[in-house]
Amino acid sequence: MTNSLPFLILVILSLMVLGFLMMTNRDKAGKIVVFWLFISGLAYVFEFLIFILGGSYEYDPAILSNRYNDSVLGSISSQAFSVPISLTLIAVKRLKFGWILLIIAFFYFIESWFVSVGIYEHFWWRSIYTSIFLLLGAYLSKRWWMRMADPGMEKVHFITLYFSLSVLTLSISWILSPLLDLYRIPMHLFSDEMRNSITGNSIYSWVCNYLYTLTIYYRPNHTGAFWITLLILMSLDYGLIHFNFLAVRGIGGFFTLPLFHMAMLLLGKKLFTWYVHPLKKTAEH
């Protein structure tokens with residue numbers, strides 16, 4: 001058995017669960033996707049703190065040549081798919097406590113098995129910690145899902161849009177920067193160069209994502225706001241390059257960031273259409 005197979009199976013099973021949820025709740029399919037991405041966005045913050053900064057554990061799917069990027073890819077299989085989709089299932093189907101405990105027990109078994117076969121290694125992290133955070137996540141996910149139905153909760157909807165878009169921003173920027181090396185945010189916090197690159201890129205992506213979300217949420221159909229935001233982002237990039245906080249590689253890297261910003265603004269607008277726009281129309285009536 002190759003290292004990558006268990007990770008791939010978990011991702012496929014998770015996507016099957018997501019597909020089932022969307023098919024059985026067609027009227028809420030867009031909202032379900034946004035909620036899944038929202039939970040993934042929160043999971044990325046959690047992973048950044050304990051995995052990137054804290055050095056809690058290491059994955060070994062043996063897919064990418066760079067060991068740290070390979071570990072990040074393993075992390076994505078968990079934090080972008082299996083964990084958030086399970087929490088989405090719990091929230092949408094309003095699963096009872098017994099079912100929640102069964103799902104947590106399943107994750108405990110899978111994590112322990114991953115450790116035993118050597119494709120996942122704990123440093124200071126323990127499987128029981130995962131169980132505790134999953135239990136807390138299940139409770140908070142159910143409450144947040146219910147709050148998302150209220151058109152008047154503007155802060156809830158803004159935060160939901162921010163984190164749902166952030167998982168796309170971070171994932172795509174990881175491909176562009178640490179994987180393809182089209183640009184880089186130089187940092188010197190750790191001995192591992194790739195770990196430094198991912199740390200800087202994550203912070204940069206969250207800042208950009210806030211500007212995307214502001215424009216999309218408050219001026220979704222305003223063409224001028226789109227171009228002004230893009231100009232602000234390009235000016236920010238120029239300033240970072242000028243003060244040596246951002247490095248781009250060649251002509252390809254020079255065009256990468258403006259195109260990236262445009263793509264994220266358009267993707268965010270799509271999420272807005274699926275989730276926030278219908279709520280605003282409901283509030284108006």
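The exercises below, each followed by a worked solution, concern a predicted model.

**Exercise 1. Determine how the rings of tryptophan 36 and phenylalanine 81 are arranged, and which parts of the chain they link.**

Begin with the total, since the structure holds 31 aromatic pairs. In one of them, formed by tryptophan 36 and phenylalanine 81, the ring centres lie 6.1 Å from each other and the planes make an angle of 40°. Planes under 30 degrees apart would count as stacked and those over 60 as edge-to-face, so the rest are called tilted, and tilted is the class of this pair. Next, place the two residues: tryptophan 36 belongs to helix H2 (residues 29-53) and phenylalanine 81 to helix H3 (residues 67-92), so that the pair links distant parts of the chain, 45 residues apart. Finally, consider the surroundings of tryptophan 36, whose relative accessible area of 13% falls under the 20% limit, and which is therefore buried.

**Exercise 2. Find which aromatic rings lysine 31 and arginine 195 lie over, and at what distance from the ring centre.**

Take the lysine to start with: lysine 31 is placed over the face of tryptophan 145, with 4.3 Å to the centre of the ring. Then turn to arginine 195, whose charged end is found over the ring of phenylalanine 190 at 3.8 Å from the centre of that ring.

**Exercise 3. Identify the residues that touch the most other members of the largest nonpolar core, and follow the contacts of tyrosine 212 to histidine 261.**

The largest nonpolar core contains 77 residues, and within it Val72 and Tyr212 touch the most other members. Helix H2 is the element that gives the most to this core, contributing 13 residues. Now list the neighbours of tyrosine 212, setting aside residues up to four places away in sequence: these are Leu165, Thr169, Leu233, Phe260, His261, Met264 and Leu265. One of these partners, histidine 261, lies in helix H9 (residues 250-274), and its relative accessibility is 0%, which means that it counts as buried. Under a corresponding exclusion of neighbours within four places in sequence, the contacts of histidine 261 are Tyr204, Cys208, Tyr212, Leu230, Leu233 and Asp237. Leu233 can thus be read from the contacts of tyrosine 212 and also from those of histidine 261.

**Exercise 4. Describe the largest cavity and the largest pocket by their volume and lining.**

For the cavities, a search of the whole structure yields two with a volume of 30 Å³ or more. The largest cavity holds about 240 Å³ of space, and of the 16 residues that line it, Tyr44, Ile52, Val72, Ile198 and Ser202 are nearest its centre. Two or more lining residues come from each of H2, H3, helix H6 (154-179) and helix H7 (193-218), with H2 giving the most, namely five residues. Val72, already met as a member of the largest nonpolar core, is here among the residues nearest the centre of the cavity.

For the pocket, the largest encloses about 820 Å³. Its lining comprises 37 residues, and those closest to its centre are Gln79, Val83, Leu87, Phe133 and Leu134. At least two lining residues are supplied by each of helix H1 (4-24), H2, strand E1 (57-59), H3, helix H4 (97-117) and helix H5 (127-147), and the largest share, 11 residues, is that of H5.

**Exercise 5. Assign serine 77 and valine 117 to their helices and decide whether each is buried, partly exposed or exposed.**

Serine 77 lies in helix H3 and, with a relative accessible area of 10%, is buried. Apart from neighbours within four places in sequence, the contacts of serine 77 are Phe7, Val11 and Ser82. Valine 117, by contrast, lies in helix H4 and counts as partly exposed at 38% relative accessibility. Its C-alpha atom is 9.1 Å from that of asparagine 3, although the two residues are 114 places apart along the chain.

**Exercise 6. Locate alanine 62 and aspartate 181, and state what is notable about the phi of each.**

Most residues other than glycine have a negative phi. Alanine 62, in the loop between E1 and H3, has instead a positive phi near 55°, and its relative accessible area of 51% makes alanine 62 exposed. Aspartate 181, in the loop between H6 and strand E3 (183-184), likewise has a positive phi, of about 60°, but is partly exposed, at a relative accessible area of 25%.

Definitions and conventions
Residues are numbered from 1 along each chain as its sequence is written. This is a predicted model: local features need pLDDT of at least 70, side-chain atom pairs count only at pLDDT 80 or more; totals for chains, interfaces and linings use all residues. Side-chain values use heavy atoms; hydrogens and water are left out. Rings of Phe, Tyr and Trp (its six-membered ring) pair if their centres lie within 6.5 Å; planes under 30 degrees apart count as stacked, over 60 as edge-to-face and the rest as tilted. Helices (H or I, at least four residues) and strands (E, at least two) are DSSP runs, numbered from the N terminus. Buried means under 20% relative accessible area, exposed over 50%, partly exposed in between (1.4 Å probe, protein chains only). A charge sits over a ring if NZ of Lys or CZ of Arg is within 6 Å of the ring centre and within 35 degrees of the ring normal. A nonpolar core is a set of buried Ala, Val, Leu, Ile, Met, Phe, Trp, Tyr and Cys residues joined through side-chain atoms within 4.5 Å. Contact means heavy atoms within 4.5 Å. On a 1 Å grid over the protein atoms alone, a cavity is a set of points where a 1.4 Å probe fits but cannot get out, and a pocket is an open set with protein on both sides within 12 Å along at least five of seven lines; lining residues have an atom within 4 Å of a point. Grid points are joined across faces, edges and corners, and a volume is the space filled by probe spheres set on the points.
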